[in-house]
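The following paragraphs lead the reader through one protein chain, from local backbone features to the overall fold. Please keep the sequence and the model in view while reading.

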Amino acid sequence: MTGKRGLPYKVRLSGADCFHLVLDKHAKKHGAGGNVMRKVFFFNSRIDHKKIGQVLKRSDVINWLCNIRLRTPLFRIPYWQYTAGGKEIVLTQHDEPDEKQIPRSILERDITIKASRFVEADIIYYPSGNSAFILSWNHILLDAKGTVLLFDHLNQLTEN
């Protein structure tokens, strides 16, 4: 069953996803960091916080990722369920004095399977006028191929 834009209401986890789910639970049990993936883009100019925010909020895929819940029924395959919760992605702005460094608050942020959103975005501004865009997500959501598809989708929504 799909929604008005063709995005599903329910997606079953694959075997690899279930493996990452076990890793996530193991990390939580032992107090280790979660299974968070990050994609960083550095720019030789100051990117516009408002424009990036608009692109992210126009994305049906980002909206879907912000409004899903992990369901783990007993004796059945776990699945993502779209909740239509109306949550939007949060785009946080940071000022970083050290060029090309990423603030610890981003690197240490854990996006667990209990998070209110499974994808987060940050923009970092450097004194030189350069900037960076970072998208973070729980690895259960996207593998390498999913990441490529997501950024292709976001690129189609931008002007350049």
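**Backbone, sheets and overall form**

K100 is partly exposed, with a relative accessible area of 40%; on this scale, buried means under 20%, exposed over 50%, and partly exposed in between, with a 1.4 Å probe and protein chains only. K100 is located in the loop between β5 and α4 (104-107). Although K100 is not a glycine, its phi is positive, at about 65 degrees. Elements are named from DSSP runs numbered from the N terminus, where helices are H or I runs of at least four residues and strands are E runs of at least two.

The model is a predicted one, in which local features need pLDDT of at least 70 and side-chain atom pairs count only at pLDDT 80 or more, whereas totals for chains, interfaces and linings use all residues. Residues are numbered from 1 along each chain as its sequence is written, and side-chain values use heavy atoms, with hydrogens and water left out.

A second positive phi in a residue other than glycine occurs at A84, where the value is near 50 degrees. A84 belongs to the loop between β4 and β5. With a relative accessible area of 54%, A84 is exposed.

The confidence of the prediction is expressed as pLDDT, which the predictor assigns to each residue on a scale from 0 to 100. The chain has a mean pLDDT of 88, and 94% of its residues reach 70 or more. Among the elements, strand β5 (residues 91-95) has the highest mean, 97, and α1 the lowest, 81. Where pLDDT is low, the predicted coordinates should not be read in detail.

In secondary structure, the chain comprises 5 helices and 7 strands. Along the sequence these follow the pattern β-α-β-α-α-β-β-β-α-β-β-α.

How are the strands arranged? In what follows, two strands pair if DSSP finds at least two bridges between them. One open sheet consists of 3 strands in the order β1-β4-β3, with antiparallel pairing. Its edge strands are β1 (10-12) and β3 (68-71), each of which pairs on one side only. Neighbouring strands of this sheet are turned against each other by 20 degrees on average, direction ignored; the axes behind this angle are lines fitted to C-alpha atoms, for helices over the stretch in contact, and angles run from 0 to 180 degrees between N-to-C directions.

The individual pairings can be followed residue by residue. β1 and β4 run antiparallel and are joined by 3 bridges, with V11 having W80 in β4 as its bridge partner. β3 and strand β4 (residues 79-82) also run antiparallel, with 4 bridges between them. Here R71 has Y79 in β4 as its bridge partner.

Strand β6 (residues 119-125) is mostly covered, since 6 of its 7 residues are buried. β5 and β6 run parallel and are joined by 5 bridges; H94 stands opposite I124 in β6. β6 is also joined to strand β7 (residues 131-138), in this case by 7 bridges and in an antiparallel manner. In β7, S136 is the bridge partner of E120. β6 and β7 form a hairpin with 5 residues between them, and G129 in the turn has a positive phi of about 100 degrees.

Two cysteines may be considered next. C18 is partly exposed, with a relative accessible area of 24%, whereas C66 is buried, at 0%. A disulfide is a covalent bond between the sulfur atoms of two cysteines. With a disulfide taken as a pair of cysteine sulfur atoms within 2.5 Å, the count comes to 0 disulfides.

S14 lies in the loop between β1 and α1 (15-29) and counts as partly exposed at 35% relative accessibility. The C-alpha atoms of S14 and R109 are separated by 25 Å, the two residues being 95 apart along the chain.

Finally, the chain as a whole may be described. The C-alpha trace spans about 55 × 40 × 25 Å along its principal axes. The radius of gyration, taken over C-alpha atoms, is compared with a globule rule of 2.2 Å times the number of residues to the power 0.38. For 160 residues a compact globule would have a value near 15 Å, and the 16 Å of the chain agrees with this. Buried residues make up 38% of the 160 residues. Among contacts between residues at least 6 apart in sequence, 68% join residues at least 24 apart, where contact means heavy atoms within 4.5 Å.
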